[in-house]
Protein chains: 2
Amino acid sequence: MKYPENERFTVHYIITVNDDRSIEEHASDITLEQTVEVPMDCIPKKHFEDGIIGKIENIQPIEKKSNQFKVSISYRADITGFSIPQFFNVLFGNISLKNNIKVSDITFTDSFRSVFKGPNYGIDGIRKLLGVYGRALACSALKPMGITINKLSSMAALLAKGGIDLIKDDHGISNQEFHPFKERVSSCQEAVEKVNAGRERQTLYFPMVSGRFEEIEEQVQHAIKEGIRGILIAPMLVGVDTVRYIAGKYNLIIMAHPALTGTHFHDPSHGIAPSVFLGTLFRMLGADISVFPHAGGRFHFTEQDCISIANSLRCANGSWKSSFPCLAGGININRVAEITKLYDTDTVFLIGGSLMQHSADISHATGVFMKKIKSMFNEKLCPPEELLASSCEIPSATDQSITPPLMKFENFKWSGRYIEEYKTGPGLSFSGINRQELIGKFGEKTSFGLRYFEIQRDGYSSLEKHVHEHVIIGIRGNGILIKGESSFNISVNDIAYVSPFEKHQLRNEGKEPFGFFCIVDHKRDKPVVVNDE
Amino acid sequence: MKYPENERFTVHYIITVNDDRSIEEHASDITLEQTVEVPMDCIPKKHFEDGIIGKIENIQPIEKKSNQFKVSISYRADITGFSIPQFFNVLFGNISLKNNIKVSDITFTDSFRSVFKGPNYGIDGIRKLLGVYGRALACSALKPMGITINKLSSMAALLAKGGIDLIKDDHGISNQEFHPFKERVSSCQEAVEKVNAGRERQTLYFPMVSGRFEEIEEQVQHAIKEGIRGILIAPMLVGVDTVRYIAGKYNLIIMAHPALTGTHFHDPSHGIAPSVFLGTLFRMLGADISVFPHAGGRFHFTEQDCISIANSLRCANGSWKSSFPCLAGGININRVAEITKLYDTDTVFLIGGSLMQHSADISHATGVFMKKIKSMFNEKLCPPEELLASSCEIPSATDQSITPPLMKFENFKWSGRYIEEYKTGPGLSFSGINRQELIGKFGEKTSFGLRYFEIQRDGYSSLEKHVHEHVIIGIRGNGILIKGESSFNISVNDIAYVSPFEKHQLRNEGKEPFGFFCIVDHKRDKPVVVNDE
């Protein structure tokens, strides 16, 4: 993709100055550290003209805090390579190792939004899928880690029966030997589907996906095959770009979990602000729902932190759909009114442990909780809308059909390959020749291609020349190679070599077909047909 | 894999108590938060018996700090699923969102070390490859981001000429349109190889790998095919498990970069300590070299932080090889003596900007720097050691004639080519195999090579894997292809395909010789012989 070179995005920082250097010096350090990372006197002059260096756009003191400043620095968009790892690098890579720098906001450009699509569903898409409007949604978690798959799936059924909108795995429920991913996910989804089957209202189940690099896509595909519509995923555990990749490739609801992000929020003067990390950035990666601990629970976010995250998730931001804030970390029924007042309708309540404390009848406890939520809003229901096609439309992990391990030979045909028929006709420079493409066009990464050609009695290939070389191995019958001014007879297993730009042609002057392998560079120039005198 | 259920690993925390709850309560919170994440009254009794909950092993006040405590908590090893994402989750997932908890050490078990192999090379392996002993190594960086590929590769050549041991890309040099990964990496490696070709001493070039989820492995493979022996990679940018995967699969030197880790080190009372994150954990992921800013530069690490990281990288830790600490962030020639005193021999100096400030003659400046380092130590040099060749890479005699137009086939020999005799012997990974190099080593410009191998009765090729692919065509007799976990029978004219990094071997269990063509990319990586269990 080609983007305008001069396009710039802007990162807004809060910088706290605790030494005797000026705020301008601190800001200037960032413009270098996050881009060229060399001393000022080593920067080519053209780099400044080209805007490769970060550019200070604005510095403004923060009222009442004599040593704090709002600083806006713009960067050329293309230095991020429009890839998430390098974008995070420009955003906070090296300066994470400095003190007292807080990323408080980011202003993106349209190029970013055309590469990074944001949420697949967003608030509207999830509501359509559930057919639930006008009220906050409720989610609960399958836990604790370590109980049997049977118990987890029974719990899923009970929560669904109680009328919960969403069920997620606890984020510590992974691929442990005592409840392996595939078996567990299939079983929980089946339990939820059974409950859904008997009614119009639907509960969606989101398994936690935290597999290894080499297995995570298989886990996602397994979930999709089971009919699952969304997943729980923690960007800092599996890698931020892994989430972008999965959200971009698969039509899933992405519920993002904040595990391992928290050090950014420990000190208000350092890190990436919660509203940026759990709001803007998770939404950019594709989160339809972002989970975070609400103020007043067992974590330390303030109400202001939480409202800022919700704003970043829901506000207008170019073409990105709005996402749900999902409040967690010690939510119970007594807090519903207070939280509703703060967050309003487009919110997900995550209630875990406090439902479990009613384990005598989880369905009943869930029902009570749902009733409480509904009492706060004017719920409107519609039939759930289907947005997705069937499970046969899962894109395959590899985009092309890969070469089979072995192509068996029989009667000059190879299994898994087809013959492009003998071609003869007026205006063609060749006659009576067919081809089987064997290697090189089926997703292999070889630098060469292997083809089998066969020439009928009296047939011939084009008399041609090109820069790329040919290696020819006789396989069937006998043929003649015209090569420069000479000609050679080729029998079975003879190997011929045609050098660059050497005029050549293959002819069959015998009775049976003449077949040969031809090996060529994959990257090769177009042949020039020689008009023989 | 099956591991003992009762095996436990231990995480050591420093907890600062700033409220009126007891240290026991704080510690107990962690035992639940990082495992079952439910209130105490929801935990099945059997969970305690089974040890699913974290277990407080020790609480000890820190002298002089009345509100700080060392707390050791053990966890059942298998709750991590022996996967890196879930391991990081147990280590610091949710508690990252709490305040005043510092991970200060981890005691692993052997199960971890049998799953996570740690560094491929370590200090000893890198020294062998360079043949440099008895002194610290020196590394420099190609920068600044945004200059042309030509300038980057010229710079690489100049640094290599100056005698630097290692060259890395600046970590902001990614896959930007102005210097795309593949073209840039090929060009820089070629420049370094040219300098290396004329001398015994070798410089190694490590490109920065920060590609997207779906392209990062292709980038790694590209580097390997170019003959590159190591890469620079930032675990927090591409995902911690991505690094573990690449280090585990490819036989590369891994140089780990600390981008985006820094928020953990901002407040000494919170986060994962530098010695754990950049030391123990990066080493666990496979880092042979871990880059971090040395005290006194433009970052804020203390000398004590730095020495602790170096210790964690180099100390005995089960089967894990020791790794190099690599000091960065404003190193210059005037600091060599001081740093040498602090870190001693097994250290890498990273000197970037301060060499560039002598851009009039970077080679000379590098030479001066190398001389300074050598003056501090008793350097011992050996010839650089190469890894063993496999059967498809038996060095061949080079006196064969250039390719004739036609190599006539007779009795499984081709005119103008020599048979490299059947080889069998003690210490070889193959037996009873011979070869005729047919195409690719005789002045042709093909991107591929064509070879004929023949395996005697009961002979076999090396069991090996590599990034480059094989295309195999049966020519004589019958043979068996072991490919991954399957095996296939190959008869005359059957075509087999071996995909990248697939374990494979050819065997002859018949009576007559088994002969086959093998087509490979001309530019290809060295096979890794697999020691079959």
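In the predicted model, B:Lys102 stands opposite B:Gly271, a residue of strand S11 of chain B. The two strands concerned, S4 (residues 101-107) and S11 of chain B, pair in the parallel sense, and two bridges link them. This pairing belongs to an open sheet of five strands in chain B, in which the order is S2-S3-S1-S4-S11 and the pairing is mixed. Strand S2 (55-62) and strand S11 (271-272) of chain B stand at the edges of the sheet, and each has a single partner strand, so that one side of each is left without a neighbour in the sheet. Across strands S1 (8-16), S2 and S3 (65-76) of chain B lies helix H1 of chain B, formed by residues 23-33, which runs at about 140° to S2 of chain B.

Beyond this sheet, the two chains also meet each other: 102 residues of chain B are in contact with 102 residues of chain A. Helix H3 of chain B, which spans residues 84-92, supplies six residues to the side of chain B that touches chain A, and this is the largest share of that side. When the residues on the side of chain B that touches chain A are divided by character, 45 are nonpolar, 38 are polar and 19 are charged.

Strand pairing also extends from one chain to the other, since strand S26 of chain A (residues 495-498) and strand S16 of chain B (residues 406-407) run antiparallel and are joined by two bridges. Within this pairing, A:Ile495 stands opposite B:Met407, which lies in S16 of chain B.

Methods: Residues numbered from 1 in each chain as written. Chains lettered and ligands numbered in written order. Predicted model: local features only at pLDDT ≥ 70, side-chain atom pairs only at ≥ 80, totals over all residues. Contact = placed C-beta atoms within 7 Å. Helix = DSSP H or I, 4+ residues; strand = E, 2+ residues; numbered from the N terminus. Nonpolar A, V, L, I, M, F, W, Y, C, P; charged D, E, K, R; others polar. Pairing = 2+ DSSP bridges. Axes fitted to C-alpha atoms, helices over the stretch in contact; angles between N-to-C directions.
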